[in-house]
Amino acid sequence: MELVDLYSEDRIPLGRIGERKAPREPGEFRMVVHICIFDSGGRLLIQQRSMEKDSLPGLWDVSAAGGVDAGETSRQGAEREVREELGYALDLSGVRPSVTVNFEGGFDDFFIVTRDLALEELTLQREEVAAVRWATLGEVLEMADAGSFISYNKSFLTFLFELRTQFGFV
């Protein structure tokens with residue numbers, strides 16, 4: 001059972017904890033994170049979701065993602081997700097989310113960083129991640145068109161790639 005902190009619509013902690021997948025009362029929201037790791041050449045590290053996943057098995061996604069556990073900040077949750085899923089100790093000290101997307105049940109913080117990682121040095125959590133690879137924007141958009149990438153809006157995927165250089169995330 002995964003526990004999450006609950007927030008108001010203004011992202012103010014309510015001082016309550018709930019189960020991650022449990023129904024929410026009106027005005028209760030949770031926090032999730034997505035981490036986009038780019039290399040210095042502008043390629044995005046993408047992961048293929050394990051076939052064992054309950055939702056969207058086998059589809060490709062950004063570098064890492066998941067729910068923020070109770071007691072964690074979004075930064076701590078992002079660091080934990082990368083460590084768990086990819087076996088990489090990502091230090092996000094001083095890094096704020098690049099963009100936050102509001103969804104029906106909460107807040108989704110996207111962290112964008114540049115790291116030149118060697119794929120063979122990553123240790124994948126097989127229950128979560130089947131494979132990883134580097135991909136250009138064109139490759140990600142082709143995968144989206146083919147239905148093999150999570151169904152983000154293509155303009156949002158382009159926005160993530162553009163954020164990396166437009167606001168000093170290199």
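# Strands, loops and a helix pair

In β8, the residue that bridges to V33 is D109. I start there, at one rung of a ladder, and work outwards. One caution before we go on: this is a predicted model.

So, the ladder. V33 belongs to one face of strand β3, and we will come to the faces in a moment. β3 and β8 pair in the parallel sense, and nine bridges join them. β3 has another partner too. With strand β6, residues 64–67, the pairing is antiparallel, over four bridges. Here is one pair from that side: H34 has A65 of β6 as its bridge partner.

Now look at how β3 sits. How many of the nine residues of β3 are buried? Nine of the nine are buried, so the strand, residues 30–38, is largely enclosed by the rest of the structure. Check both faces. On one side you have R30, V32, H34, C36 and F38, and they are all buried. On the other side you have M31, V33, I35 and I37, and they are all buried as well. Both faces of β3 are covered.

Stay with β8 for a minute. This strand covers residues 106–114, and I112 has its place there. Is I112 buried or exposed? Its relative accessibility is 2%, and buried means under 20%, so I112 counts as buried. Pick out G94 as well. I112 and G94 are 18 residues apart along the chain, and their C-alpha atoms are separated by 13 Å.

Next, the start of the chain. Strand β1 is residues 3–7, and four of its five residues are buried, so mark it as mostly covered. β1 runs antiparallel to strand β2, residues 13–19, and four bridges join the two. One facing pair is Y7, which stands opposite P13 in β2. Together β1 and β2 make a hairpin, with five residues between the strands.

Look into that loop and find R11, between β1 and β2. Its phi is near 70 degrees, which is a positive value in a residue other than glycine. Buried, exposed or partly exposed? R11 has 28% relative accessibility, so it counts as partly exposed.

There is another residue to set beside R11. L56 has a phi near 55 degrees, again a positive value in a residue other than glycine. You will find L56 in the loop between β4, residues 44–49, and β5, residues 60–61. At 43% relative accessibility, L56 counts as partly exposed.

One more loop, then the helices. S98 is in the loop between α1, residues 74–86, and β7, residues 99–103. Its relative accessibility is 17%, so S98 counts as buried. Compare its place with T123. The two are 25 residues apart in sequence, and 26 Å apart in space, C-alpha to C-alpha.

Now the helix pair. Helix α2 is residues 137–146 and helix α3 is residues 154–166. Their axes come within 10 Å and cross at roughly 160 degrees. What does that angle say about direction? Over 145 degrees counts as roughly antiparallel, and therefore α2 and α3 are roughly antiparallel to each other. The crossing of α2 with α3 is right-handed.

Which residues make the contact? From α2 come L137, V140, L141, A144 and D145. From α3 come K154, L157, T158 and F161. Sort these residues by type and you get six nonpolar, one polar and two charged.

Zoom in on A144, in helix α2. Leaving out residues up to four places away in sequence, A144 touches F149, K154 and L157. A144 and L157 are 13 residues apart along the chain, and their C-alpha atoms are separated by 9.4 Å.

That brings us to F149. Where is F149? It is in the loop between α2 and α3. At 2% relative accessibility, F149 counts as buried. Set aside its neighbours within four places in sequence, and look at what F149 contacts. The list includes V140, M143, A144 and L157. It also includes I46, L59, W60, D61 and V62.

Last pair. F149 and G58 are 91 residues apart in sequence. In space, C-alpha to C-alpha, F149 and G58 are 8.9 Å apart.

To recap: β3 pairs with β8 in the parallel sense, and with β6 in the antiparallel sense. α2 and α3 cross at roughly 160 degrees, and F149 lies in the loop between them. Thanks, that is my tour.

Key:
Residues are numbered from 1 along each chain as its sequence is written. This is a predicted model: local features need pLDDT of at least 70, side-chain atom pairs count only at pLDDT 80 or more; totals for chains, interfaces and linings use all residues. Side-chain values use heavy atoms; hydrogens and water are left out. Buried means under 20% relative accessible area, exposed over 50%, partly exposed in between (1.4 Å probe, protein chains only). Two strands pair if DSSP finds at least two bridges between them. Axes are lines fitted to C-alpha atoms, for helices over the stretch in contact, and angles run from 0 to 180 degrees between N-to-C directions. Angles under 35 degrees count as roughly parallel, over 145 as roughly antiparallel, 65 to 115 as roughly perpendicular and the rest as oblique. A crossing is left-handed if the near helix is turned anticlockwise from the far one by less than a right angle, and right-handed if clockwise. Contact means heavy atoms within 4.5 Å. Ala, Val, Leu, Ile, Met, Phe, Trp, Tyr, Cys and Pro count as nonpolar, Asp, Glu, Lys and Arg as charged, and the others, Gly among them, as polar.
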